[in-house]
Amino acid sequence: MSWAVGALGSVGMLALIGLLIMAFLRKAGLLKGETVRTMLRCACMTALVGAGYFLFALLIRFTVYGAFEAGQDIGQALGGPYFHEALNALSAPAFSYPVTGVFAAVAHFLGGILFRQYRLTGFALAYLMTTAALWLLTVRLKTIWNEQAAENAAFLLLCLPGSAFFFLPCGVPLVFLLAGLIFFFLGRKIPPCAFSLSHRGYTALLTVCLCLSAAVICAMADGRIG
């Protein structure tokens with residue numbers, strides 16, 4: 001339990017620093033109120049979905065295998081070979097997977113600055129990249145669709161099967177961020193269009209995505225994928 005308290009404390013500190021930076025930029029007039037609100041909504045959305053994935057993975061792990069043994073590495077108990085190699089690369093960068101290697105190198109550098117908290121830095125960097133990518137996509141979608149449709153699409157994106165990898169310290173968050181940047185700039189050429197999905201249709205689609213995502217999390221907790 002001590003690892004969880006320490007992780008929550010570190011994440012809380014990082015969140016506080018982020019809020020202070022945003023408040024300073026807002027006060028200096030470098031950020032508009034709408035931009036700040038969209039950032040906060042994306043940050044909260046990403047945090048809630050990521051926490052949900054993590055807690056569900058722990059629930060599956062406890063249900064199937066029981067409690068963790070004293071001193072057992074939780075990271076090594078979850079996921080498969082790719083995830084384990086990505087975790088190890090945070091403290092000793094390797095380029096077996098090129099994109100994951102780039103992510104690990106950046107996380108390792110930042111982790112060295114943050115008192116060698118490589119693993120925590122890796123997860124925090126994955127969260128920040130995913131949040132930034134979601135914000136870029138949301139901002140551009142709002143210029144194409146209406147605000148509600150854009151936010152629904154952003155939330156649905158985090159619930160797609162396999163989107164749990166957006167929150168892992170590997171190459172997937174980096175690819176997601178690059179995709180967000182590409183769509184943000186190239187999406188300027190997409191003209192606005194009237195798009196609406198009925199509440200029932202959106203709920204049905206979201207339910208299917210969540211069920212498939214739950215299946216992916218079960219497979220990850222069992223070490224079959226990831």
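1. How many helices and how many strands does the secondary structure of the protein chain come to? Nine helices and zero strands. Bear in mind that this is a predicted model. Reading from the N terminus, the elements go α-α-α-α-α-α-α-α-α.

2. Some whole-chain numbers to start with. The protein chain has 226 residues, and 38% of them are buried. Take the contacts between residues at least 6 apart in sequence: 66% of these join residues at least 24 apart.

3. Next, the core. The largest nonpolar core holds 39 residues, and the members that touch the most others are Tyr-53, Phe-103, Leu-158 and Met-220. Seven elements are worth finding on screen here, since each one listed gives two or more residues to this core: α2 (33-65), α4, α5, α6 (118-144), α7 (147-159), α8 (171-186) and α9. Helix α6 provides the largest share, eight residues. As general background, nonpolar side chains in soluble globular proteins tend to be buried together.

4. Leu-158 is a good residue to click on. With neighbours within four places in sequence left aside, its contacts include Met-45, Thr-46, Val-49 and Tyr-53. Leu-158 is also in contact with Thr-130 and Leu-134, and with Ser-163, Phe-166 and Phe-167. One of these partners, Tyr-53, appears with Leu-158 among the residues that touch the most other core members.

5. Now for a helix pair. Helix α4 (residues 81-91) packs against helix α5 (residues 98-113) at an angle of about 35°, and their axes are 7 Å apart. The crossing of α4 past α5 is right-handed. On the α4 side, the contact is made by Tyr-82, Ala-86, Ala-89, Leu-90 and Ser-91. From α5 come Thr-100, Phe-103, Ala-104, Ala-107 and His-108. Sorted by type, the residues of this contact are seven nonpolar, three polar and no charged.

6. Thr-100 deserves its own look. It sits in helix α5. Is Thr-100 buried or exposed? Thr-100 counts as buried because its relative accessibility is 8%, and the cut-off for buried is under 20%. Not counting residues up to four places away in sequence, Thr-100 touches Tyr-82 and Ala-86, together with Cys-170 and Gly-171.

7. Two aromatic residues of α6 come next. Tyr-127 lies in helix α6, and so does Trp-135. Tyr-127 counts as partly exposed because its relative accessibility is 26%. Outside residues up to four places away in sequence, Tyr-127 touches Ala-43, Thr-46 and Ala-47. The C-alpha atoms of Tyr-127 and Phe-167 are separated by 5.7 Å, although these residues are 40 residues apart along the chain.

8. What does Trp-135 contact, leaving aside its neighbours within four places in sequence? The partners are Thr-35, Thr-38, Met-39 and Cys-42. One of them, Thr-35, is 100 residues apart from Trp-135 along the chain, and the two C-alpha atoms are separated by 9.3 Å.

9. On to helix α9 (residues 199-221). It has 23 residues and reaches 32 Å from its first C-alpha to its last, close to the 33 Å expected at 1.5 Å a residue. The buried residues of α9 are Tyr-202, Leu-206, Cys-209, Ser-213, Val-216, Ile-217, Ala-219, Met-220 and Ala-221. Among these, Met-220 is one of the residues that touch the most other members of the largest nonpolar core. After the helix comes Gly-223, with a positive phi near 80°.

10. Last stop: Ile-225, in the segment after α9. Ile-225 is partly exposed, with a relative accessible area of 34%. Not counting residues up to four places away in sequence, Ile-225 touches Val-216, Ala-219 and Met-220, as well as Gly-79 and Gly-80. How far is Ile-225 from Pro-81 by their C-alpha atoms, what separation in Å? The two are separated by 8.2 Å, while lying 144 residues apart along the chain.

Notes:
Residues are numbered from 1 along each chain as its sequence is written. This is a predicted model: local features need pLDDT of at least 70, side-chain atom pairs count only at pLDDT 80 or more; totals for chains, interfaces and linings use all residues. Side-chain values use heavy atoms; hydrogens and water are left out. Helices (H or I, at least four residues) and strands (E, at least two) are DSSP runs, numbered from the N terminus. The expected span of a helix is 1.5 Å times one less than its number of residues. Buried means under 20% relative accessible area, exposed over 50%, partly exposed in between (1.4 Å probe, protein chains only). Axes are lines fitted to C-alpha atoms, for helices over the stretch in contact, and angles run from 0 to 180 degrees between N-to-C directions. A crossing is left-handed if the near helix is turned anticlockwise from the far one by less than a right angle, and right-handed if clockwise. Contact means heavy atoms within 4.5 Å. Ala, Val, Leu, Ile, Met, Phe, Trp, Tyr, Cys and Pro count as nonpolar, Asp, Glu, Lys and Arg as charged, and the others, Gly among them, as polar. A nonpolar core is a set of buried Ala, Val, Leu, Ile, Met, Phe, Trp, Tyr and Cys residues joined through side-chain atoms within 4.5 Å.
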